[in-house]
Amino acid sequence: MVTFLLRQSPVSTASKRFFSSKLNFFNGVRREGQGSRFETYEPSTWTRLALVHNSSEQDIDEAIQSASTAYKNWSQTSGRQRATTIHRAAQLIRERSDAIAELETRDCGKPLWESKLDIQASIDCLEYFAGIAPSIHGQHIQLDDGKSFAYTRREPLGACAGIGPWNYPFQTACWKLAPALACGNAFVYKPSPLTPLSSVLLAEIFVEAGLPAGVFNVVQGDGETGAMLAGHEEIAKVSFTGSVPTGKKVMEIASGSVKALTLELGGKSPLIVFEDADLDNAVSGAMLANFLSQGQVCSNGTRVFVHKKIKDAFVNKLVPRVKSLRVGHPMKEETQVGALISPDHAAKVLNYIESAENEGGRILAEAKR
């Protein structure tokens with residue numbers, strides 16, 4: 001049985017029920033993982049949310065076998081049938097969006113208003129691919145002799161795997177799941193061990209929406225679990241979101257069986273402000289590019305280059321806006337900046353700040369922990 005400790009604050013009945021259940025999911029039901037255990041914490045208070053069981057090799061085999069078996073029937077359904085199921089899941093998410101957003105905030109530490117936007121973006125994603133599902137088709141090609149023709153068919157791949165990050169847990173799961181289901185594939189998803197909760201809720205919602213048992217499965221664990229997924233002979237494709245070094249490892253493992261592979265990897269994105277820029281707009285862009293999700297976004301503008309002629313004017317507009325940001329508990333509606341994902345990550349950020357100071361940088365706006 002999974003063990004939980006909840007902080008003493010109001011939480012919804014849905015969250016309490018969710019935190020008292022098993023967190024592996026395959027063949028349509030929750031399962032207790034048979035591997036080692038790990039703890040997951042609420043980033044804002046570092047209160048333990050769950051003691052989670054990793055998926056063992058046997059669990060992963062069972063989850064993939066569940067997906068492979070379910071794929072045989074799911075892949076034969078029409079695009080319209082698949083669209084109906086995905087649309088129904090989107091509607092259920094819309095009806096429960098506040099509770100899901102609360103769970104997401106407790107899981108990853110971003111402000112509640114951001115989580116609400118993420119859930120809406122997830123609904124948009126599901127509805128988009130539900131709309132595409134009935135229109136998936138091949139091509140008819142007339143050949144040169146005028147009598148012969150060729151045609152193509154778009155066919156699903158089989159059981160696919162997704163490995164997700166911790167900064168957009170629910171949304172990334174939807175991004176990976178929706179196109180896979182729309183095209184007739186089955187899916188096994190591994191969330192980050194730092195945010196293991198909301199993808200299990202997503203799996204439950206899809207089953208309630210009518211998705212056959214085994215089409216969508218969730219396994220838990222760290223890099224070892226991801227490696228077992230990426231290398232499994234019955235997985236036809238892997239979709240990974242995360243760091244460049246881990247992406248390289250996933251690519252190497254998947255190449256052993258020449259799997260289809262999609263990688264969305266972190267970057268070091270620059271924001272360049274030229275001397276003829278609209279300063280107010282440029283400052284707003286810099287704020288969004290650096291403070292959304294506490295700066296924990298792969299496309300954040302982690303370097304801001306400003307033309308020397310307008311640097312002082314830019315800084316004079318930027319600093320007051322940074323100082324006005326409301327840093328606080330992510331469950332409060334007025335909070336603009338929530339919690340970093342973990343103490344280790346916070347220490348890394350503070351180390352970068354210290355390094356910048358040692359290299360001659362100046363702190364112009366500071367928030368104490």
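**View 1. Gln81, a partly exposed residue of helix α3.** Residues count as buried under 20% relative accessible area, as exposed over 50%, and as partly exposed in between. Gln81 has a relative accessible area of 48%, so this residue is partly exposed. In this predicted model, Gln81 is found in helix α3. A partner to look for in this close-up is Ala130: Gln81 and Ala130 are 49 residues apart in sequence, yet their C-alpha atoms are 9.6 Å apart in space.

**View 2. Confidence along the chain.** Before going further into the details, it helps to see how far the prediction can be trusted. The protein has a mean pLDDT of 91, with 93% of its residues at 70 or more. Residues 1–14 are another matter, with pLDDT below 50 over this stretch. In the model, residues 1–14 still have 37 contacts beyond near neighbours in sequence. Where pLDDT is low, please do not read the predicted coordinates in detail.

**View 3. Helix α3 against helix α7.** Here we stay with α3 (residues 79–95) and bring in α7 (residues 198–208), whose axis comes within 8 Å of that of α3. The two axes cross at roughly 125°, so α3 and α7 are oblique to each other. The crossing of α3 past α7 is right-handed. On the α3 side, the contact is made by Ile86, Ala89, Leu92 and Ile93. From α7 come Leu202, Ile205, Phe206 and Glu208.

**View 4. Helix α3 against helix α6.** Next comes a second packing partner of α3, helix α6 (residues 169–182), with the two axes 10 Å apart. Their angle is about 160°, which makes α3 roughly antiparallel to α6. In this pair, α3 passes α6 in a left-handed crossing. Arg82, Ile86 and Ile93 of α3 make the contact with Phe170, Ala178, Leu181 and Ala182 of α6. Ile86 and Ile93 may look familiar, being among the α3 residues in the contact with α7 and also among those in the contact with α6.

**View 5. Cysteines without a disulfide.** How many disulfides does the model have? The count comes to zero. For Cys108, the closest cysteine sulfur belongs to Cys174 and is 14 Å away, which is too far for a bond. Cys108 has a relative accessible area of 3%, so this residue is buried. Cys183 is in no disulfide either, and its nearest cysteine sulfur, in Cys160, lies 9.0 Å away. At 36% relative accessibility, Cys183 is partly exposed.

**View 6. Asn27, with a positive phi in a loop.** Most residues other than glycine have a negative phi, and this view shows an exception. Phi of Asn27 is near 55°. Where does Asn27 lie? Asn27 lies in the loop between β1 (24–26) and β2 (29–31). Its relative accessible area of 42% makes Asn27 partly exposed.

**View 7. Val258, another loop residue with a positive phi.** Val258 is not a glycine, but its phi is positive, at about 55°. Look for Val258 in the loop between α9 (244–255) and β11 (260–265). Is Val258 buried or exposed? Val258 counts as exposed, because its relative accessibility is 72% and the exposed class begins over 50%.

Key:
Residues are numbered from 1 along each chain as its sequence is written. This is a predicted model: local features need pLDDT of at least 70, side-chain atom pairs count only at pLDDT 80 or more; totals for chains, interfaces and linings use all residues. Side-chain values use heavy atoms; hydrogens and water are left out. pLDDT is the predictor's confidence in each residue, from 0 to 100. Contact means heavy atoms within 4.5 Å. A disulfide is a pair of cysteine sulfur atoms within 2.5 Å. Buried means under 20% relative accessible area, exposed over 50%, partly exposed in between (1.4 Å probe, protein chains only). Axes are lines fitted to C-alpha atoms, for helices over the stretch in contact, and angles run from 0 to 180 degrees between N-to-C directions. Helices (H or I, at least four residues) and strands (E, at least two) are DSSP runs, numbered from the N terminus. Angles under 35 degrees count as roughly parallel, over 145 as roughly antiparallel, 65 to 115 as roughly perpendicular and the rest as oblique. A crossing is left-handed if the near helix is turned anticlockwise from the far one by less than a right angle, and right-handed if clockwise.
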